[in-house]
Amino acid sequence: MVNSIPYSIDASAREAIPTSKVLVVGAGGIGCEILKNLSLSGFRDIEIIDLDTIDVSNLNRQFLFRKEHVGKPKAVVARESILVHNPDVKIKAYHDSVLSSDYGVNFFKKFNIVLNALDNRTARNHVNRMCLAADVPLIESGTSGYSGQVELIKKGATQCYECLPKPPQKSFPGCTIRNTPSEPVHCIVWAKHLFNQLFGEDDPDQDVSPDTEDPEAKLDGQNSVTESGNIKRVSTKQWAQDIQYDAEKLFNKFFNDDIKYLLSMENLWKKRTPPKPLSWEQAVKVVGAKDENDETSVRAVDMEVWSISKCTKVFAESISQLRNDLEGKTFLVWDKDDKPAMDFVTACANVRANIFSIQQKSRFQIKSIAGNIIPAIATANAMIAGLVVLYAFRILAEKVQQCPSIYLRQKSVHSKFVLAADRQLTKANPNCYVCSAKPFVNVFVNVNKMTVKEFETELLKKHLNMVAPDVVLDAKGVMVISSEEGETEANNDKVLSDLGIVDGSILKCDDFLQNYELTVAINQYEAVEKDDPFFKVVANPDELKAKESNTKENGVSDHKEPESEDDDLLVLDDIVEDPQEGSSSKKRKLNTDSDDDIVEVPL
Amino acid sequence: MSEKQLSAVEAELYDRQIRLWGIESQERLRAANILLIGVRGLGSEIAKNILLSGINSLVILDDGVVTEEEQHKNFLLNRDSIGKKIAEEVLIKAQALNPLVKISADTSNPVKKDTKFFESFTIIIATGIKSDLLLRIDKICRASKVKLICGDVFGTFGYSVSDFLDHEYFEDQLKLVAKKRTHDGIEEKPEKETVKVRSEIVYPELNKVIILPNTKQSVEPIKKVKRRNEYFFLMLTLLEFRDREGRNPDVSHKEKDVNLLKEIKKEILTLYNVDEKKLNDDLFNIVFGEVVPVCAVVGGVIAQEVIKGVSQKEAPINNVFLFDPLTYCGKEETVA
């Protein structure tokens with residue numbers, strides 16, 4: 001049999017390939033490409049895990065899938081496609097979440113190398129910890145549009161995925177959304193909230209009515225805002241049902257009555273352009289181009305900005321459709337790919353934008369923002385996946401030092417490098433709360449307000465990315481949170497101080513699955529301003545001062561980029577935390593040089 | 001609805017890339033008719049990427065027969081294709097990548113194709129051909145305003161050379177625009193706006209870029225560049241090897257081939273008046289075969305250049321791309 005292992009690579013890699021076991025995490029754009037490269041380069045033992053199913057919009061790049069595969073599990077179909085080409089490869093496919101406790105440290109230890117091809121930070125953080133715990137080299141990769149990067153993570157040799165704090169998720173203050181929008185994104189977030197108020201699951205944080213608690217509205221000690229404004233009907237949803245989702249009534253309430261009410265909060269408009277209330281009667285008269293209702297034209301439907309009268313038409317149509325969809329269900333979940341849901345948000349966002357003299361957007365643009373869509377192309381994924389497997393060869397040849405991070409960049413006049421590598425491996429952050437010898441963080445919480453459940457869900461799980469933590473109050477040996485069901489449920493609704501957790505307390509937080517133990521020092525902190533964060537986490541004690549003086553941005557430390565030249569690329573419409581085929585830790589300048597190009601729209 | 005406009009099905013399929021390069025670029029791609037010469041390791045990668053992008057038509061020209069070795073490194077071929085014509089065998093899987101593209105196979109020898117054949121394409125991609133044929137095709141392309149890009153992978157080394165003629169292209173740039181809100185006397189912070197910027201690159205003919213010992217072109221203009229990327233000379237050495245031997249370096253006679261490569265290298269460096277040390281002889285140990293992940297990288301670069309050439313969106317590489325076989329960096333080199 002002809003040997004398919006490439007000749008022109010390191011001899012020791014050639015030897016290692018046939019007996020090496022590789023895990024590919026993610027069978028999306030980069031994952032498909034990696035699987036192909038591995039199989040064509042003589043790898044014989046591959047496992048692939050992905051929890052996703054195939055969507056039409058994947059097919060422009062995830063080439064192991066075809067139209068008839070839409071709806072099927074990615075991992076399973078990817079495996080089958082590879083086997084058609086080479087029936088001799090051993091591939092095991094898991095249609096599952098890599099976060100599941102089925103994949104513990106021992107699972108990861110089976111592999112010589114792990115290749116990440118993920119699209120979200122949570123899974124990246126988790127695999128990072130699993131590979132550190134199992135001491136298996138991990139190659140992290142990601143793309144975003146024309147750009148991408150490949151980075152080796154190896155315990156003791158490089159930084160880990162969590163060594164540098166990631167840019168914080170951008171969220172918007174409630175009063176900006178409810179009272180004083182100034183950008184299209186504010187109107188889009190409001191429109192999604194409105195969708196949830198009318199059709200979705202009840203969420204008090206997603207109120208869309210004027211916010212009378214807005215501190216700005218109460219300036220000068222005036223108390224012009226009366227309680228009556230916030231009189232809550234049964235609930236918005238109940239009220240909508242009572243009026244049988246009458247489009248005209250709904251429209252007048254949200255775009256005329258509520259806006260008039262906002263105008264009465266005079267302080268808000270002293271330095272702003274006041275909004276212009278818009279009644280249904282007025283709105284239907286603002287007509288656009290004749291052909292704008294041509295449903296067959298992609299340009300007219302998706303690319304052009306709708307007139308206000310078209311918005312009213314779509315508003316009424318989508319509400320009627322959504323009302324039908326709601327029948328027999330308790331609520332709908334907003335989905336960018338659900339036509340009436342997307343139509344509704346487009347219409348509402350644009351009407352609101354019009355009222356507040358904000359630029360209106362096309363359905364296509366609004367979908368990018370509302371759906372957190374990152375553009376993705378086959379070519380960038382192919383290049384990045386090629387580099388991932390070239391690095392895999394090097395790691396098998398034990399040439400770890402020759403695997404510095406490498407970046408694919410949109411070609412720019414400032415640089416001749418299309419693919420640029422760092423000069424050397426990036427060293428670990430000695431204060432990293434994940435990969436340092438004794439992981440430690442300071443957390444700032446209000447011990448009299450934060451409940452144990454909030455501490456677990458918001459802080460340990462969502463922020464510090466633990467999966468199933470056990471928490472013990474160090475000095476007293478009190479079990480605060482247990483990963484065993486039923487053991488500490490009684491603590492859930494207690495506030496931290498009820499359990500004796502106060503300023504200066506030390507908590508030992510242990511995640512058995514991740515084989516990760518973190519020491520948490522509690523600092524009492526009280527939110528002053530309305531929009532102050534609920535809690536703060538600081539890994540490096542040196543950062544404490546800097547953090548406090550710069551509370552707006554959660555301090556993204558400046559990271560050195562040896563090969564970087566002066567390119568001021570901007571990815572337009574790049575509105576997300578983590579790329580589709582996701583970029584990894586550092587997004588280099590292209591994504592970070594401008595504070596408001598990356599926004600995270602709260603879902 | 002006009003033929004030129006995208007259908008809803010296409011808009012959905014190409015959604016993630018339209019969000020990057022815009023609907024106009026997608027419409028230009030949709031009208032592009034492309035010739036791909038050579039569908040081996042590198043060619044199959046290029047074919048995959050451009051088919052996925054949504055072009056109008058692709059002609060695959062390759063007169064080769066599928067060997068076991070080729071099947072191993074070419075995912076467009078299955079095992080039952082071994083022994084059959086490669087261009088015809090890749091069709092089924094190529095078509096499955098994108099049923100909307102018109103694909104056809106041509107199993108004739110590219111050398112035997114007449115001038116007329118090449119004239120009808122939007123862009124031609126050439127892999128694995130000798131330099132005399134390449135330069136002949138370039139002349140035809142220039143006369144009939146067809147763009148051309150060629151490239152190869154030799155082991156872990158790869159390159160591409162483009163001739164996009166007089167290429168006009170557009171880039172989106174963000175500009176700060178002061179908001180005009182003077183009617184109510186309120187100054188608002190400046191807004192960012194996307195501006196379309198037009199630029200142009202005039203590409204040199206390929207016979208001014210690829211100058212080998214026996215071509216009767218002067219190397220003077222190329223020589224002037226002091227810090228020429230050493231891999232440019234590696235590219236020329238490998239092209240000259242193929243011209244002389246009628247094949248790529250082959251591991252089955254490695255010693256002989258390495259010796260010939262060393263000889264050719266000397267000739268080329270002498271021609272360009274470059275120090276022999278500029279190109280390390282050890283590199284000749286890693287130029288055998290097509291390393292699949294390198295095909296993926298270089299095939300990705302070439303396909304992206306094709307997309308730029310067709311869509312006239314974003315700055316293309318001007319005019320040589322060189323993939324460093326040791327560091328895996330990829331650099332643009334402007335030659336001539």
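Which residue just after α12(A) takes a positive phi? That's A:Gly328, with a phi of about 80°. Keep in mind that this is a predicted model, so here is how far the confidence goes before we look at the details.

**Confidence and overall make-up**

The average pLDDT of chain A is 85, and 85% of its residues score at least 70. Two stretches of chain A drop below 50: residues 546-580, which have 83 contacts in the model beyond near neighbours in sequence, and residues 582-603, which have 61 contacts counted that way.

As for the fold, you'll find 18 helices and 14 strands in chain A. Out of 603 residues, 48% count as buried. Taking the contacts in chain A with a separation of 6 or more, 70% are between residues 24 or more positions apart.

**Helix α12 and what it packs on**

Back to the helix that A:Gly328 follows. Helix α12 of chain A covers residues 308-326, which is 19 residues. At 1.5 Å a residue it should span 27 Å, and its end C-alpha atoms sit 26 Å apart, so the two values agree.

The buried residues of α12(A) include A:Ile308, A:Val314, A:Phe315, A:Ile319 and A:Leu322. A:Lys310 is on that list too, along with A:Cys311, A:Thr312 and A:Ser318. What do these buried residues pack against? Their partners in chain A are α9 (247-264), α10 (280-283) and α13 (339-355).

**Two residues to look at**

One of those partner helices, α9 of chain A, holds A:Glu248. In sequence, A:Glu248 is 32 residues from A:Trp280, yet their C-alpha atoms are 6.0 Å apart in space.

The other residue is A:Cys175, which carries the annotation "active site" in an unreviewed UniProt entry. A:Cys175 sits in helix α6 of chain A, residues 174-178. Leaving out residues up to four places away in sequence, A:Cys175 touches A:Thr180, A:Asp211 and A:Asp214.

Are these two residues buried or partly exposed? The neighbour counts settle that:

| Residue | Other C-beta atoms within 10 Å | Class |
|---|---|---|
| A:Cys175 | 19 C-beta atoms | partly exposed |
| A:Glu248 | 16 C-beta atoms | partly exposed |

A residue needs 20 or more such neighbours to count as buried, so A:Cys175, with 19, is classed as partly exposed. A:Glu248 has 16 C-beta neighbours inside 10 Å and is therefore partly exposed as well.

Methods. Residues numbered from 1 in each chain as written. Chains lettered and ligands numbered in written order. Predicted model: local features only at pLDDT ≥ 70, side-chain atom pairs only at ≥ 80, totals over all residues. pLDDT = per-residue confidence, 0-100. Contact = placed C-beta atoms within 7 Å. Helix = DSSP H or I, 4+ residues; strand = E, 2+ residues; numbered from the N terminus. Buried ≥ 20, exposed ≤ 12 C-beta atoms within 10 Å, placed from the backbone. Expected span 1.5 Å × (residues − 1). UniProt positions renumbered as here; feature names shortened; annotations may be inferred.
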